[in-house]
Amino acid sequence: MWGLAWLIIGIILCWYIDLVPTSMFGYTWGKTSLLWQSALGLVMWVSSTIIFYGFAIVLNRNVSITELFGRMLFAHWPVTLMLLPAIVGDKIAYATYMSSPSVAFEYAPLYAVLMSIFSAVVLVWYLYWGYCAFRRSVAKSGAVVFVAFVAAFVLSYLLSRYTLDVVYAGIV
């Protein structure tokens with residue numbers, strides 16, 4: 001339930017400050033209705049978790065889909081902290097950094113360095129919590145579980161990014 005609460009908080013914050021998710025770890029400038037923002041949040045959650053479920057089933061056939069989806073959603077809550085710089089800082093610099101860090105380093109180097117440090121901390125936190133949630137859901141640990149998590153994380157990022165791109169193309 002805490003994961004669902006953080007998803008709702010993230011959706012409302014994105015809607016309020018005019019940001020939309022671009023993947024399971026990114027946001028950019030975009031104005032949408034609260035209904036579309038909710039749909040985007042749900043699409044991001046499902047598309048970023050389904051790969052983990054596939055890998056979890058391979059590791060342990062008794063994995064509960066509700067447990068894995070719930071744990072992975074709760075593990076995702078640190079990414080909601082990525083919205084803080086947009087709330088307290090410059091939205092344009094934030095959207096520039098999230099869309100193209102190289103451009104941000106050119107136009108606002110100090111902001112880009114600070115955002116890079118902040119993003120790295122949040123990413124490490126998210127990776128750690130995600131790994132713990134994944135390991136707990138499959139009820140196993142070890143090198144095979146770690147490698148499966150890393151592979152699932154990369155594929156989940158790519159799938160969530162692609163899926164949200166397709167949804168955005170459908171909206172426009």
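This is a short chat about the cavities in a predicted model.

User: What are the ground rules here?

Analyst: Residues are numbered from 1 along each chain as its sequence is written, and side-chain values use heavy atoms, with hydrogens and water left out. Since the model is predicted, local features need pLDDT of at least 70 and side-chain atom pairs count only at pLDDT 80 or more, while totals for chains, interfaces and linings use all residues.

User: What makes a space here a cavity?

Analyst: On a 1 Å grid over the protein atoms alone, a cavity is a set of points where a 1.4 Å probe fits but cannot get out. Two in this structure reach 30 Å³ or more, a volume being the space filled by probe spheres set on the points, joined across faces, edges and corners. The largest has about 160 Å³ and the second largest about 50 Å³.

User: Why is M44 called a lining residue of the second largest cavity?

Analyst: Lining residues have an atom within 4 Å of a point; M44 is on that list, along with W45 and Y126 among others, so M44 counts as lining.

User: How do you know which element gives the largest share of the largest cavity's lining?

Analyst: Helices are DSSP runs (H or I, at least four residues), numbered from the N terminus. Helix 1 gives six residues, the largest share.

User: What makes the residues lining the largest cavity nonpolar, polar or charged?

Analyst: Ala, Val, Leu, Ile, Met, Phe, Trp, Tyr, Cys and Pro count as nonpolar, Asp, Glu, Lys and Arg as charged, and the others, Gly among them, as polar. That gives twelve nonpolar, eight polar and no charged residues.

Terms used
On a 1 Å grid over the protein atoms alone, a cavity is a set of points where a 1.4 Å probe fits but cannot get out, and a pocket is an open set with protein on both sides within 12 Å along at least five of seven lines; lining residues have an atom within 4 Å of a point. Helices (H or I, at least four residues) and strands (E, at least two) are DSSP runs, numbered from the N terminus.
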